[in-house]
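Me: Could you take me through this protein model, one question at a time, giving the reasoning along with each result?

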Amino acid sequence: MSNPLQNPPTEKGRLCIFSGGTAFNAVTPFLVRQTPKVSYILPVSDDGGSTAEIIRVLGGPAIGDIRSRLLRLAQPTDTSSIASLRLLKHRLPRDHDAAIVQWRHIIDGDDVLWTDISSDHEAILIGFLRHVEERIIRARLRFRFAGASVGNLFFTGARLFFNSLQGAITMWKMISSIAPETEVCTVWWYAVHMGLYVGVSVCLFAWACVCVCLRER
C-alpha cells in the first residue's frame with residue numbers, strides 16, 4: 001500500500017485525518033508542504049489551561065485542539081500575516097496583574113505586539129478581541145487572564161460574534177493565510193463514542209446470528 005504522505009493526492013483526491021490536537025501537530029507542517037487538500041477532523045475536548053477559564057465564564061466548546069492545529073496550518077507570506085500569527089500565538093504573563101495590564105494594552109491597540117500588523121488585519125483582530133472583552137464584562141464573573149492565550153480569546157470572540165464555531169475557523173484561516181483548500185472540522189466525542197458503541201453492538205449482534213445459524217446446521 002502506498003504511503004499517502006509520500007504520494008500526495010491527485011488533482012481530484014484529498015486526505016481526511018482524524019486526530020487530536022497534540023498527537024498530530026508534529027506531522028502537520030510536513031503535510032502542509034505536501035498538499036493543501038487535507039480535511040482535519042478534530043475533537044472539541046481539550047478544556048485545559050485558558051480554555052477552561054473561557055468555558056467557565058463564557059461557556060461554549062473546548063477550542064484548545066482547534067487553535068493548536070490552526071496555528072500549525074498557517075502559511076504567512078507577508079509581514080502583516082507573520083505579525084498577526086505572532087499575536088495569536090502569544091500568551092499573557094502568568095502574573096495576574098501583569099496579564100491585566102498587557103490585555104488592556106492589546107485591546108487598546110498600543111501593545112508592541114501590534115507592530116507590523118496592517119490596519120486591515122488590526123481592525124479584524126482587535127474587533128473580535130474587544131467583542132470577547134465585552135462578553136466577559138457582561139458575564140459579571142471574574143475572568144483570570146493570567147497565562148491566557150490571545151489566540152483562544154480571539155477565536156472565542158469570533159465564535160460568539162458569528163454564533164458559529166465553523167465561522168470562527170474560517171475567520172482564523174483568512175487572518176493566518178491558511179490555504180482555502182484546507183479544511184478544519186470539529187466532531188463531538190460523545191457522537192464518536194456513540195458511533196463506536198452502535199458499531200460494536202451491530203458487530204456483536206451479527207456474530208451472534210452467525211453462531212446461531214451454524215448451531216442450527
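Reply: What follows is a set of questions and answers on the fold, the sheet and the helices.

Reply: The model is predicted, so local features need pLDDT of at least 70 and side-chain atom pairs count only at pLDDT 80 or more, while totals for chains, interfaces and linings use all residues. Residues are numbered from 1 along each chain as its sequence is written, and side-chain values use heavy atoms, with hydrogens and water left out.

Me: Which pattern does the protein follow when read along the sequence?

Reply: Helices (H or I, at least four residues) and strands (E, at least two) are DSSP runs, numbered from the N terminus. On that basis the protein has nine helices and three strands. Read along the sequence, they give the pattern β-α-β-α-α-α-α-α-α-α-β-α.

Me: In the open sheet, which strands stand at the edges?

Reply: Two strands pair if DSSP finds at least two bridges between them; four bridges join strand 1 (residues 15-18) to strand 2 (residues 38-43), and five join strand 2 to strand 3. The three strands form an open sheet in the order 1-2-3, with parallel pairing. Each edge strand has a single partner strand, so one side of each is left without a neighbour in the sheet, and these edge strands are strand 1 and strand 3 (183-187).

Me: Which residue is the bridge partner of Cys16 in strand 2?

Reply: Along strand 1 the side chains alternate, with Leu15 and Ile17 pointing to one face and buried (under 20% relative accessible area, with a 1.4 Å probe and protein chains only). Cys16 and Phe18 point to the other face and are not buried. In strand 2, the bridge partner of Cys16 is Ser39.

Me: Does the contact of helix 2 with helix 7 divide into what numbers of nonpolar, polar and charged residues?

Reply: The axes of helix 2 (49-58) and helix 7 (150-162), which are lines fitted to C-alpha atoms over the stretch in contact, with angles from 0 to 180 degrees between N-to-C directions, come within 10 Å and cross at roughly 35°. Ser50, Thr51, Ile54 and Leu58 in helix 2 meet Asn152, Leu153, Thr156 and Leu160 in helix 7, where contact means heavy atoms within 4.5 Å. Ala, Val, Leu, Ile, Met, Phe, Trp, Tyr, Cys and Pro count as nonpolar, Asp, Glu, Lys and Arg as charged, and the others, Gly among them, as polar. The residues of this contact divide into four nonpolar, four polar and no charged.

Me: Which residues is Leu153 in contact with, leaving aside its neighbours within four places in sequence?

Reply: Leu153 is found in helix 7 and is buried, with a relative accessible area of 1%. Leu153 and Arg130 are 23 residues apart in sequence and 9.5 Å apart in space, C-alpha to C-alpha. Leaving aside neighbours within four places, Leu153 is in contact with Ile54, Trp103, Leu129, Val132, Phe143 and Ala148.

Me: How far apart are the end C-alpha atoms of helix 6?

Reply: The expected span of a helix is 1.5 Å times one less than its number of residues. The 21 residues of helix 6 (residues 119-139) should therefore span 30 Å, and this agrees with the distance between its end C-alpha atoms, 30 Å.

Me: Which helices do the buried residues of helix 6 pack against?

Reply: The buried residues of helix 6 include His121, Leu125, Phe128 and Ile136. Helix 6 is followed by Arg140, whose phi is positive, near 60°. The buried residues pack against helix 2, helix 4 (79-89), helix 5 (96-108), helix 7 and helix 8 (165-175).

Key: Buried < 20%, exposed > 50% of the residue type's maximum accessible area, 1.4 Å probe, protein only.
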